[in-house]
Amino acid sequence: MRKSTLFCAAAAAAISSGWAMADPDDDELVINGEIEIVTEAPAPEHVENLDTIYSGWRFRTDETQALEMDDFDNPAMVLVDKAVDAYGMPDGTEAKSCASCHDDVETFTGLAATLPKVGEDGKLHTIEDLINTCRTERMGAEPWKWSGEPMQTMAALIVSQSRGLPVNVSFDGPARSFWEQGKEMYYTRYGQLELSCANCHEDSFGLMIRADHLSQGQTNDFPVYRLKQAKLISKHNRFKGCIRDTRAETFAEGSDEFRALELYVATRGNGLSIEGPGVRQ
């Protein structure tokens, strides 16, 4: 029996013992009554096994969805306000702030919709890389921990400048080899459970597990405020958690492996809107 058949049999058994189907709802996401978010789009041509892509917001409960629809209710926005203060605060041996070089944070509009991307150094850069490059090379400050609060609050502030813009991450040219690496990871089975990213987020999205739903694993909503952890979560934090849940040794946040996976997953969401910081269970 092939592994895919084994997985389907296991899923069928799980459904009969407590899983249920929960397709994406038909609700529309408009933030603050004015920022229209595309949560459903035709799958990009390079996505082989999906016809339509959906934001994870479409799989959430009405209560969780409502939190993201208004910045006064979104718990992540309290942290974004803290990042606004940090943006203008000098730090490091050069006594510079983010604003010293970048002026108003609105200058970052559109950036999040194109990340990650390959830099002039030939390396793949995420938003966390860009923030720490500024801190270490321009401010003379210590780098921030990848999933630490300062890093993810600043990332959320920068990402929020692009809300409503379409994800348009390129994987041509020098990015292609990283994209191929990420794609291979996406379909590789890990751990004692022998599960890949695709098994849950491509083959089984819509399944309801306990009180939560499997989405397509889109990343247009990151950084995400996760209610169960009461803090902002990075993409790499979720990658790490998913691989750990397969009962496998996982990669480190900021690793080359997770950078490549981030690129591949981001391109699967081309056409959806940036909506971060999102709210999830």
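Two strands count as paired if DSSP finds at least two bridges between them. In this predicted model, strand S10 (residues 224-226) and strand S12 meet that mark, pairing in the parallel sense over three bridges. Around this pair the briefing covers a small set of topics: the sheet, unusual backbone spots, one helix, a pocket and the cavities.

**The sheet**

- Strands of a sheet pair through backbone hydrogen bonds, either parallel or antiparallel.
- Here, three strands form an open sheet, and their order is S11-S10-S12. The pairing in this sheet is mixed.
- Which strands stand at the edges? They are S11 (231-233) and S12 (278-280). Each has a single partner strand, so one side of each is left without a neighbour in the sheet.
- From one strand to the next, the twist averages 40°.
- Look at Val-224 for a point of contact between strands: Val-224 stands opposite Gly-278 in S12.

**Cis peptide bonds**

- Most residues other than glycine have a negative phi, and most peptide bonds are trans. The next two bonds go against the second habit, and two residues further down go against the first.
- Phe-222 and Pro-223 are joined by a cis peptide bond, with omega about -5°. Pro-223 sits in the loop between strand S9 (212-213) and S10.
- Gly-276 and Pro-277 are also linked by a cis bond, and its omega is near 0°. Pro-277 belongs to the loop between helix H10 (256-267) and S12.

**Positive phi values**

- Asn-32 is not a glycine, yet its phi is positive, at about 60°. Find Asn-32 in the loop between strand S2 (29-31) and strand S3 (35-37).
- Is Asn-32 buried or partly exposed? Its relative accessible area is 32%. Buried means under 20% and exposed means over 50%, so Asn-32 is partly exposed.
- Glu-194 is another residue other than glycine with a positive phi, here near 50°. Glu-194 lies in the loop between helix H7 (176-186) and helix H8 (197-201).
- Glu-194 has a relative accessibility of 37%, so it counts as partly exposed.

**Helix H10**

- H10 has 12 residues. From its first C-alpha to its last, H10 reaches 17 Å, close to the 16 Å expected at 1.5 Å a residue.
- How many residues of H10 are buried? The count is 10 of its 12, so the helix is mostly covered.
- The buried residues of H10 include Phe-258, Leu-261, Leu-263, Tyr-264 and Val-265. Arg-259 and Glu-262 are among them too.

**The second largest pocket**

- This pocket has a volume of about 240 Å³.
- The pocket is lined by 15 residues. Nearest its centre lie His-102, Phe-108, Leu-130, Ile-131 and Cys-134.
- Helix H4 (98-102), helix H5 (127-138) and helix H6 (149-160) each supply at least two residues of the lining of this pocket.
- Which helix gives the largest share of the pocket lining? H5 does, with seven residues.
- By class, the pocket lining divides into 11 nonpolar, two polar and two charged residues.

**The cavities**

- The structure holds two cavities of 30 Å³ or more.
- The largest cavity has a volume of about 240 Å³. It is lined by 22 residues, and the closest to its centre are Ala-112, Leu-115, Thr-219, Phe-222 and Lys-235.
- Phe-222 is thus a residue to look at twice: Phe-222 is in a cis bond with Pro-223, and Phe-222 lines the largest cavity.- H5, H6 and H10 each supply at least two residues of the lining of the largest cavity. The classes in this lining are 13 nonpolar, six polar and three charged.
- The second largest cavity has a volume of about 50 Å³.
- Which residues line the second largest cavity? They are Lys-96, Ser-97, Cys-98, Cys-101, His-102, Cys-134, Arg-138 and Met-139.
- H4 gives the most to the lining of the second largest cavity, with three residues. H4 and H5 each supply at least two.
- The lining of the second largest cavity has four nonpolar, two polar and two charged residues.
- His-102 and Cys-134 line the second largest cavity, and His-102 and Cys-134 also lie among the residues nearest the centre of the second largest pocket.

Notes: Residues numbered from 1 in each chain as written. Predicted model: local features only at pLDDT ≥ 70, side-chain atom pairs only at ≥ 80, totals over all residues. Heavy atoms only, no water. Helix = DSSP H or I, 4+ residues; strand = E, 2+ residues; numbered from the N terminus. Axes fitted to C-alpha atoms, helices over the stretch in contact; angles between N-to-C directions. Buried < 20%, exposed > 50% of the residue type's maximum accessible area, 1.4 Å probe, protein only. 1 Å grid on protein atoms, 1.4 Å probe; cavity = no way out; pocket = protein on both sides within 12 Å on 5 of 7 lines; lining within 4 Å. Points joined across faces, edges and corners; volume = space filled by probe spheres on them. Nonpolar A, V, L, I, M, F, W, Y, C, P; charged D, E, K, R; others polar. Expected span 1.5 Å × (residues − 1).
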